[in-house]
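Subject: The structure I promised you

Hi,

Here is the structure I said I would pass on. Have a look at it first, and then read on for what I found in it.

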Amino acid sequence: MVDMDAVKERLANFALEAHDLYLNKSVPYVDGPPEPLHFYRQWIAPNKPCIIRNAFSHWPALSRWTPAYLREKVGSKVISVAVTPNGYADAIKDDRFVTPEERCMCFSSVLDIIQGKVKQRGVFYIQKQCSNLLEELPELTADMDAHIGWMSTAMGKSPDAVNFWLGEADAITSLHKDPYENIYCVISGQKDFILLPPTDRPFVPYGLYQPAVYRQKEEGDFEVVDQSDGEKVPWIPVDPLDPDLERYPSYARAQPLRCSVKAGEMLYLPSLWFHHVRQSHGCIAVNFWYDMDFDIKYNYFSLLDDITTITSRH
């Protein structure tokens, strides 16, 4: 028989050893556009985040993307907007994994809500992650680079998606991970990240949840509607802002990093890092997703994930 307690303790030591050996205690800053090979060796290969300053100061977007300019440029464009009652899109509510109501709206209508010109129930967030900048707002691409040149060279590929983000302060991205090397550029405002390395997976709880979606009723209240034909979704139930350590005691051993990314700064968020995101009201950001290399690091993480999942059942 396998001693599951011994396996759990070895997994915990594995995670703690990563912090001792190579992970930083805070997110470091890099000044200026890095040299591609150096960036690959220093950050991508060891899978470590950093904040890069003065790397896209030449973008006209930094000075142009005011509400007035956006109204003139794309105000009449119809875009996809995530609407929730509480700001939590793609998150656990009770025993459901609930996604936002996807609403088609004019860009100017979203600006009206963010600027307080119109009162609406719910929290509104432009966050569709299917290269929505290129697909829905191509008029804005002239104000920025089509890709991050040094990152594309370092990765040997172009970005898989370029996404545009704009929302209210109450819009929160719940803790999750992505299979992308992420370059996250803040145009205005501030983004606040909580980051956990993939090696902390033994401390990050997962569950399987019935998928559901928010729907706003005619009287204005929101209801949660089950997607009866959907498979259960694996997701992280813990809220790093207020973790329930009685219910998820393993999370007490996690070592999250916290960082703020301000206008004119970009965050390199490595693949498979768990991240939770908040923002200042009306914050605008653009991010570039580069497909991760599905190499031995991915194999090792998958093994860690599987073993952690098995031991959590005992």
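Let me start with a histidine. His275 sits in strand 18, which covers residues 274-279. Keep in mind throughout that this is a predicted model. Is His275 buried or exposed? Its relative accessible area is 5%, and with the cut-off for buried set at under 20%, His275 counts as buried.

The side chain of His275 has polar company. One polar contact, at 3.2 Å, is with the side chain of Asp178. In addition, a polar atom of the His275 side chain is 3.0 Å from the backbone oxygen of Trp273. If you skip the neighbours within four places in sequence, the residues in contact with His275 are Ser174, Leu175, His176, Lys177, Asp178, Ile194, Leu195 and Leu269. As for Ser109, the C-alpha atoms of Ser109 and His275 are 29 Å apart, with 166 residues separating the two in sequence.

Another polar residue to look at is Asn182, in strand 11 (residues 180-188). Asn182 is buried, at 5% relative accessibility. Which side chain does the side chain of Asn182 make a polar contact with? The partner is Asn287, at 3.0 Å. Beyond four places in sequence, Asn182 touches Leu267, Tyr268, Leu269, Asn287, Phe288 and Trp289.

Now the helices. Helix 2 runs over residues 36-44, and its buried residues are Pro36, Phe39, Trp43 and Ile44. Down the helix axis these buried residues fall within an arc of 70°, so they line one face of helix 2. Their cover includes strand 1 (29-31), strand 2 (50-53), helix 7 (149-155), strand 11, strand 17 (265-269) and helix 8 (296-311). The N-terminal end of helix 2 is capped by Glu35, which has a side-chain oxygen 3.2 Å from the backbone nitrogen of Leu37.

Helix 5 (residues 107-114) has Phe107, Val110, Leu111, Ile113 and Ile114 as its buried residues. Here the arc is 160°, so the buried residues of helix 5 also line one face. The general background is that an α-helix has 3.6 residues a turn, so residues three or four places apart point the same way. What do the buried residues of helix 5 pack against? They meet helix 4 (67-74), strand 3 (78-84), strand 7 (101-106), strand 8 (123-126) and strand 9 (161-167). After helix 5 comes Gly116, with a positive phi near 80°.

That leads on to the cores. The largest nonpolar core has 50 residues, and the ones with the most contacts inside it are Trp65, Phe107, Ile148, Met151, Phe164, Ile183 and Phe288. Helix 5 gives the most to this core, five residues in total. Another core, of 21 residues, lies apart from it; Ala18, Leu23, Tyr125 and Val186 are among its members. Back in the largest core, Ile148 is one of the residues with the most contacts. Not counting residues up to four places away in sequence, Ile148 touches Trp59, Ile183, Cys185, Met266, Phe288 and Tyr290. Phe288 is also on the contact list of Asn182.

Two loop residues are worth a look for their backbone. Asn54 is not a glycine, yet its phi is positive, at about 55°. Asn54 lies in the loop between strand 2 and helix 3 (61-64), and at a relative accessible area of 47% it is partly exposed. Asp90, again not a glycine, has a positive phi of about 55°. Asp90 is in the loop between strand 4 (88-89) and strand 5 (91-93), and its 23% relative accessibility makes it partly exposed.

Finally, the chain as a whole. There are eight helices and 19 strands. The radius of gyration is 20 Å, close to the 20 Å from the globule rule for 314 residues, so the chain is as compact as a globular protein of that length. Along its principal axes, the C-alpha trace spans about 65 × 55 × 30 Å. Of the 314 residues, 49% count as buried. Among contacts between residues at least 6 apart in sequence, 82% join residues at least 24 apart. The chain exposes about 14,900 Å², with 50% of that supplied by carbon and sulfur atoms.

Cheers

Key: Residues numbered from 1 in each chain as written. Heavy atoms only, no water. Helix = DSSP H or I, 4+ residues; strand = E, 2+ residues; numbered from the N terminus. Buried < 20%, exposed > 50% of the residue type's maximum accessible area, 1.4 Å probe, protein only. Polar contact = N/O pair within 3.5 Å; in protein donor to acceptor, adjacent residues only side chain to side chain. Contact = heavy atoms within 4.5 Å. Arc of directions from axis to C-beta. Core = buried A, V, L, I, M, F, W, Y, C linked by side-chain atoms within 4.5 Å. Rg over C-alpha atoms; globule rule 2.2 N^0.38 Å. Areas by Shrake-Rupley, 256 points an atom, 1.4 Å probe, with all protein chains shown as cover.
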